[in-house]
Amino acid sequence: MDKFLLQQQVLERLAADLERVEQAARAAHETATHEENIAENKYDTLGLEAAYLATGQARRAEAIRQAMAHWRQFRPHPYDTSRGIQLGALVCLTDADGKRQQLFLGPDGGSMTLGSGTQLVQVISGEAPLGRAVLGKCEGDEVSIQIGAIRQQFEVLWVQ
């Protein structure tokens, strides 16, 4: 699996997300500023609610722009057994039932699932609970995370 192609897919997905969020922000702004939505009394809050929505969408757009900048600057390195799993690693985990999952560790803002051929790859950051748990681990190591009352355990099958 090519990490560069995965990185490009992340950037394409973020660009599509940014376009949708910017479109939603424009629509909310237009609603907030439209003359028909000027409040006539204190209970008429459509314009105010649309303004809050536009602000939230604008913040989300900025977060996506920041994530895109991080992903553009990101340079995944080959796996180094002396350092263990680091950002940029492509990792295959298996759980107690033998179910496998592949992870691509990247910078913040890329939490998504991508297709690579017939396989799915979960993109996560090193700040995600599973991302933190695998950092520094090597092939054959056990990884454990606690999600609510449930403890999940995995084995690192391979790393690229």
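This report covers the sheet, helix 1, the salt bridges and one buried valine of a predicted model.

## Basis

The model is predicted: local features need pLDDT of at least 70, side-chain atom pairs count only at pLDDT 80 or more, and totals for chains, interfaces and linings use all residues. Residues are numbered from 1 along each chain as its sequence is written, and side-chain values use heavy atoms, with hydrogens and water left out.

Helices (H or I, at least four residues) and strands (E, at least two) are DSSP runs, numbered from the N terminus. Buried means under 20% relative accessible area, exposed over 50%, and partly exposed in between (1.4 Å probe, protein chains only).

## The sheet

Six strands form an open sheet in the order 3-4-2-1-6-5, and the pairing is mixed. Strand 3 (112–116) and strand 5 (142–147) stand at the edges; each has a single partner strand, so one side of each lacks a neighbour in the sheet. On average, neighbouring strands are turned by 40 degrees against each other, direction ignored. Axes here are lines fitted to C-alpha atoms, for helices over the stretch in contact; angles run from 0 to 180 degrees between N-to-C directions.

Two strands count as paired if DSSP finds at least two bridges between them. Strands of a sheet pair through backbone hydrogen bonds, either parallel or antiparallel.

## Strand 1 and its neighbours

Strand 1 covers residues 90–95, and 5 of its 6 residues are buried, so the rest of the structure largely encloses the strand. Strand 1 pairs with strand 2 (residues 100–106) in the antiparallel sense, over 5 bridges. The two form a hairpin with 4 residues between them. In the turn, G98 has a positive phi of about 85 degrees. Strand 1 also pairs with strand 6 (residues 150–159), again antiparallel and over 5 bridges.

L93 has a partner in each of these strands. Its bridge partner in strand 2 is Q101. In strand 6, L93 stands opposite V156.

Strand 2 runs parallel to strand 4 (residues 119–125), and 5 bridges join them. Here Q102 stands opposite V121 of strand 4.

## Helix 1

Helix 1 (residues 3–33) lies across strand 1, strand 2, strand 3 and strand 4. Its angle to strand 3 is about 130 degrees. The expected span of a helix is 1.5 Å times one less than its number of residues. For the 31 residues of helix 1 that gives 45 Å; the end C-alpha atoms are 44 Å apart, which agrees. D2 caps the N-terminal end: a side-chain oxygen lies 2.8 Å from the backbone nitrogen of F4. This is a polar contact (a pair of N or O atoms within 3.5 Å; within protein, one must be able to donate a hydrogen and the other to accept it, and residues adjacent in sequence count only if both atoms are side-chain atoms).

The buried residues of helix 1 are K3, L6, Q7, V10, L11, L14, D17, L18, V21, A25 and A28. Their cover includes helix 2 (46–73), along with strand 1, strand 2, strand 3 and strand 4. Contact means heavy atoms within 4.5 Å.

## Salt bridges

A salt bridge is a side-chain nitrogen of Lys or Arg within 4 Å of a carboxyl oxygen of Asp or Glu. A search of the whole structure finds 3. R20 and D17 form one of them, with the closest N and O atoms 2.3 Å apart. Both residues lie in helix 1, 3 residues apart, about one turn of the helix. R20 is partly exposed, at 49% relative accessibility.

R65 and E22 form another, at 2.7 Å from N to O. R65 lies in helix 2 and E22 in helix 1, so the pair ties together parts 43 residues apart in sequence. R65 also meets E62 in a salt bridge, at 3.2 Å from N to O. E62 and R65 are both in helix 2, 3 residues apart, about one turn of the helix. Thus E22, E62 and R65 are linked in a network of salt bridges. Relative accessibility is 34% for R65, 26% for E22 and 36% for E62.

## V123

V123 is found in strand 4. It is buried, with a relative accessible area of 1%. Not counting residues up to four places away in sequence, V123 touches V10, W71, F104, G110, S111, M112 and L114. V123 and P107 are 16 residues apart in sequence; their C-alpha atoms are 9.4 Å apart in space.
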